[in-house]
Amino acid sequence: SLRRCAAALMAWQAAEGPAGCGSEQAVAATTKAPSAGTCSPSPGYGVAVGGTFMFLACIGTTLTIPFLQSRRDELGCDGLCYGSQVSLRNGLGLLGAVVLGRLSDRFGRRPLLCLGVLGNLLSISISIVENSIWGMWLALVPSALLNQTFSITKALFTDYFPGTDRVAEAERSGAIGRLGMAFGFAMMLGSGAGSRVASDYQQAQSIGFVVTLASAPLIWLMPVPEASSAALPVHVGAGKGMWNSLRRWATLPVLRTPGARLLMCLRFFMSLAFHLFQVILMPSLHRRFAFTPADHGLLMAFIGFVYAMSQGFVAKPLIRMCAGSDSDNTNLLCACMVLLAFTRLPVIIATDIWVVYGAFGPMLVALGTINTLIASAASSLASSSSETGGLYGVLEACESIAGMLGPVLSGLLVRAEQSSGLPHLVLGLIVVIYTATTLLAALGYRRWIVLAET
């Protein structure tokens, strides 16, 4: 059952983190001071509860994956309709990621996590009540705008392990990896079980509503470090004082550093390549293998499982093994980017479904490793926890901008090619993008991120 899966995940994550309460220096340094007669939970406990929260919150959404294409067909949502919805979702996500990430720095992580769950519940409710094209469009808004729970939870995890030394960086990488593992398990279980526990899209949404609602109490069980729980002082005044206060709130000093700009470029171009690829993936699978909703659910379950394994058991040891004496993972980052570029080709070209599955394996390991490296680098660049959520929000916004441009650009290239065979222009552009990002990482990662941390 979902309860047993969540309990097992929470128990595993708790075993990975520091145990006990109140007696460790890490606990005293990163959690709020306990009241008399109580003990403060360890960061490992927070990671365990946060991972379980993310698991339940994500599984409430992924249960509908097997029914999405059939619902679009039933309601008459064609390729243009779907592409427009993707652009709208990413546009709203762009706004939400920047604003809510910054608000989480100012007012604390917990209120914004609650807002994200509320947005998801509103979207699910609209989908259940209004089963129409209008309902599809309307349901996009609350979730895309308000549900930034992944990036905010990631920011909270980095609050648990402050510092720029190798120990703190390793702990952050491990915590973020376990968060990604929870997301991967949710995708695996939701995609695989959706068509088995529900008979149609509406029923899957109803079950998803209950599961998402069940995740909300876990927000209040997560310990909140002092730095992220205390709101920054609000300056009240008029004229120049109010303007300066607004400007300080709306800008992040870390964004002026070369390292942050490098991460923004890497995140944007890698996301652009991803969205270019996503547009041609499903039509290609349908053309070569006559994919059904059940086949799609099975593939997504496999993707979720491999991504979870890579985040939980591969990324952190790989980063630790490949790091140099000064924690330099430039070579690993570049190698993963090259692997991403060349594993996407057989997924589109191969005529054997097992080759497709085999190519997805190393692709997902490389993707999970890159995500962990970028998240850890971002937390190291932020001068304090008051900037971490905002920086994560800006990185999410870069992904959203790429998500607005990628589907449109991919569709235009496919149409320009006037071919029902291989999308050569799209595949070529993907390789060019990954080549450019690899060169950018090779030239700037060590100089602007690794050396900036020392």
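Two rings of Phe, Tyr or Trp count as an aromatic pair when their centres lie within 6.5 Å, and a pair is edge-to-face when the planes are over 60 degrees apart. With that cut-off, a search of the whole structure returns six aromatic pairs. The model is predicted.

**Aromatic pairs**

Select F150 and F183. Their ring centres are 5.9 Å apart and the planes stand at 65°, so this pair is edge-to-face. Now show the helices that carry them. F150 belongs to helix α8 (residues 149-160) and F183 to helix α9 (residues 166-197), so the pair ties together parts that are 33 residues apart in sequence. Turn on the surface and look at the two rings again. F150 has a relative accessibility of 27% and counts as partly exposed. F183, at 29%, also counts as partly exposed.

Next, select F302 and Y357. These two form an edge-to-face aromatic pair, with 4.9 Å from centre to centre and 65° between the planes. F302 is in helix α14 (residues 293-322) and Y357 is in helix α16 (residues 353-381), so this pair ties together parts that are 55 residues apart in sequence. Is Y357 buried or exposed? With a relative accessible area of 13%, Y357 is buried. F302 has a relative accessible area of 25% and is partly exposed.

Go back to F150 and F183 and add Y307 to the selection. Ring pairs link F150, F183 and Y307 into a cluster.

**A charge over a ring**

Select F277 and R344. Which part of R344 sits over the ring of F277? It is the charged end of R344, placed 4.7 Å from the centre of the ring.

**Salt bridges**

Side chains of opposite charge can pair when their charged atoms come close. For the whole structure, the search finds four salt bridges.

Select D105 and R109. Their side chains meet in a salt bridge with an N to O distance of 2.7 Å. D105 has 2% relative accessibility and counts as buried. R109 is buried too, with a relative accessible area of 1%.

Keep R109 and add D159. A salt bridge joins the side chains of D159 and R109, at 2.9 Å from N to O. D159 lies in helix α8 and R109 in helix α6 (residues 109-129), so the pair ties together parts that are 50 residues apart in sequence. D159 is buried, at a relative accessible area of 7%. With D105, R109 and D159 displayed together, the view shows a network of salt bridges linking these residues. Helix α8 has now appeared twice on the tour: it holds F150 and also D159.

Move on to R267 and E399. Their side chains meet in a salt bridge, 3.2 Å from N to O. R267 is in helix α13 (residues 258-289) and E399 is in helix α17 (residues 385-417), so the pair ties together parts that are 132 residues apart in sequence. How accessible are the two partners? R267 is buried, at a relative accessible area of 8%. E399, at 25% relative accessibility, counts as partly exposed.

**S271 in helix α13**

Stay with helix α13 and select S271, which is placed there. S271 is buried, with a relative accessible area of 8%. What does S271 touch, leaving aside residues up to four places away in sequence? The residues touched are E399 and A402. E399 thus links two stops: it meets R267 in a salt bridge and touches S271.

**A nonpolar surface patch**

Select L95, V98 and V99 and display the surface. These residues make a nonpolar surface patch of about 220 Å². For orientation, L95 is found in helix α5 (residues 79-107).

**The whole chain**

Clear the selection and colour the protein chain by secondary structure. How many helices and strands are there? The chain has 18 helices and zero strands. Colour next by burial: of the 454 residues in the protein chain, 52% are buried. The accessible surface of the chain comes to about 19400 Å², and 68% of it belongs to carbon and sulfur atoms.

Last, draw the contacts between residues at least 6 apart in sequence. Of those in the protein chain, 85% join residues at least 24 apart. Three side-chain pairs from the tour can be set beside that figure: F150 with F183, in parts 33 residues apart; F302 with Y357, in parts 55 residues apart; and R267 with E399, in parts 132 residues apart.

Note on methods:
Residues numbered from 1 in each chain as written. Predicted model: local features only at pLDDT ≥ 70, side-chain atom pairs only at ≥ 80, totals over all residues. Heavy atoms only, no water. Phe/Tyr/Trp six-rings, centres within 6.5 Å; stacked < 30°, edge-to-face > 60°. Helix = DSSP H or I, 4+ residues; strand = E, 2+ residues; numbered from the N terminus. Buried < 20%, exposed > 50% of the residue type's maximum accessible area, 1.4 Å probe, protein only. Lys NZ or Arg CZ within 6 Å of the ring centre and 35° of its normal. Patch = residues over 30% accessible without salt bridge, like charges linked within 9 Å, V, L, I, M, F, W, Y side chains within 5 Å. Areas by Shrake-Rupley, 256 points an atom, 1.4 Å probe, with all protein chains shown as cover. Contact = heavy atoms within 4.5 Å.
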